[in-house]
Amino acid sequence: MHLILLGPPGTGKGTQAKVIAERLGIAHIATGDLFREAVKHGTELGKQVGAYMERGDLVPDELTIATLLERMQRPDAAGGAIFDGFPRTFQQAQALDEALAVRNTPAGAALLITASDDEIVRRLSGRWLCPACGAIFHEASQPPKKQGECDNCGSELTQREDDKPDVVRNRLERQRPPDEMLEHYRQQGKLVEIDGARDVDAVTRDLLAAIETAAADTDKRT
Ligand SMILES: [Zn+2]
């Protein structure tokens, strides 16, 4: 079974993808990891990908798909894969559909983990670091005993630029799955929305249930 996992940053998508891959015995294919690995191993595709990354350019869709297809040849992907980080656009979704159709392994479901903007900003923006001892705190889940001060060494805590609420909001705006792409999967009857504003296990449970339903539907169609 091939699955697509979608969701804005801060919904625990990567964690869920890993858990689901393990439970179902399929490959977890995260585009970011895949690119870094291809570059490291110096494969032909890796060299091409590396050239784009060095320039700070986006890797073109065709090249991304070629890299995905190459990855899907490996034994651990024989039973299927869950895609994490791709597609990000309507065009990419169409291209992936075509590539999977050629292999006769269409995606069984597009699982969208949802959370409100406020929830995501709360999760992603509350991180504070201690520059002296490296301790990490979080306003919501692990606040320091005294605001702005390290529990361990008493140093003044700092916040990375990336962890500031405005920067998070901005990034969220750019990384939210576009409506056009969601509509594409909705029209195929493959989009399943899972409420991500709950604990990790509850989200995993719902994802697995949705996958089971999708698998049953696929069996009925074929
Ligand atoms: Zn400290």
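**Figure 1. Four cysteines hold the zinc ion in a tetrahedral arrangement.** In this predicted model, the four donor atoms around the zinc ion subtend angles of 102 to 121°. Those angles make the arrangement tetrahedral, because four donors earn that name if all angles lie between 85 and 135 degrees. For comparison, the ideal angle for four tetrahedral donors is 109.5 degrees. The donor atoms are the SG atoms of Cys 130, Cys 133, Cys 150 and Cys 153, at 2.3 Å from the metal.

**Figure 2. The zinc site seen along the chain, with spacing C-x2-C-x16-C-x2-C.** If you like to find your ligands in the sequence, that is the pattern the donors of the zinc ion follow. Cys 130 and Cys 150 link distant parts of the chain, 20 residues apart. Cys 130 sits in the loop between β5 (127-129) and β6 (136-138), while Cys 150 belongs to the loop between β6 and α7 (165-175). Are Cys 130 and Cys 150 buried or exposed? Both of these cysteines are buried.

**Figure 3. Helices α5 and α8 cross at roughly 35°.** Here we look at helix α5 (residues 90-102) and helix α8 (residues 179-187), whose axes come within 8 Å. From α5, the contact is made by Phe 90, Ala 93, Gln 94 and Asp 97. From α8, Glu 180, Met 181, His 184 and Tyr 185 take part. By character, the residues of this contact divide into four nonpolar, two polar and two charged.

**Figure 4. His 184 of helix α8 is a buried residue.** With a relative accessible area of 13%, His 184 counts as buried, because the cut-off is under 20%. What does His 184 touch, not counting residues up to four places away in sequence? Its partners are Phe 90, Ala 93, Gln 94 and Asp 97, and these four residues are the α5 side of the helix contact shown in the previous view.

**Figure 5. Thr 11 is tucked into a buried loop position.** Thr 11 is found in the loop between β1 (2-6) and α1 (13-24), and its relative accessibility is 4%. Leaving aside neighbours within four places in sequence, Thr 11 is in contact with Ile 113, Thr 114, Ala 115, Ile 120 and Arg 123. To help you place this view, the C-alpha atoms of Thr 11 and Ala 81 are separated by 20 Å; along the chain, these two residues are 70 residues apart.

**Figure 6. Two backbone details to look for: a cis peptide bond and a positive phi.** The cis bond joins Phe 86 and Pro 87, with omega at about 0°. Pro 87 lies in the loop between β3 (81-84) and α5. The positive phi, about 65°, belongs to Asn 104, although this residue is not a glycine. Asn 104 lies in the loop between α5 and β4 (107-114) and, at 65% relative accessibility, counts as exposed.

**Figure 7. The protein chain behind the close-ups has nine helices and seven strands.** Its C-alpha trace spans about 60 × 40 × 30 Å along the principal axes. Of the 222 residues, 42% are buried. Among contacts with a separation of 6 or more, 69% are between residues 24 or more positions apart. The chain exposes about 12,400 Å², with carbon and sulfur atoms supplying 49% of it.

Key:
Residues are numbered from 1 along each chain as its sequence is written. This is a predicted model: local features need pLDDT of at least 70, side-chain atom pairs count only at pLDDT 80 or more; totals for chains, interfaces and linings use all residues. Side-chain values use heavy atoms; hydrogens and water are left out. Donors are N, O and S atoms within 2.8 Å of the metal (3.2 Å for Na, K and Ca); water is not among the atoms, so sites may look incomplete. Four donors count as tetrahedral if all angles lie between 85 and 135 degrees; four count as square planar and six as octahedral if opposite donors are over 155 degrees apart and all others between 65 and 115; anything else is irregular. Helices (H or I, at least four residues) and strands (E, at least two) are DSSP runs, numbered from the N terminus. Buried means under 20% relative accessible area, exposed over 50%, partly exposed in between (1.4 Å probe, protein chains only). Axes are lines fitted to C-alpha atoms, for helices over the stretch in contact, and angles run from 0 to 180 degrees between N-to-C directions. Contact means heavy atoms within 4.5 Å. Ala, Val, Leu, Ile, Met, Phe, Trp, Tyr, Cys and Pro count as nonpolar, Asp, Glu, Lys and Arg as charged, and the others, Gly among them, as polar. Accessible areas come from the Shrake-Rupley method with a 1.4 Å probe; for residues, only the protein chains shown count as cover.
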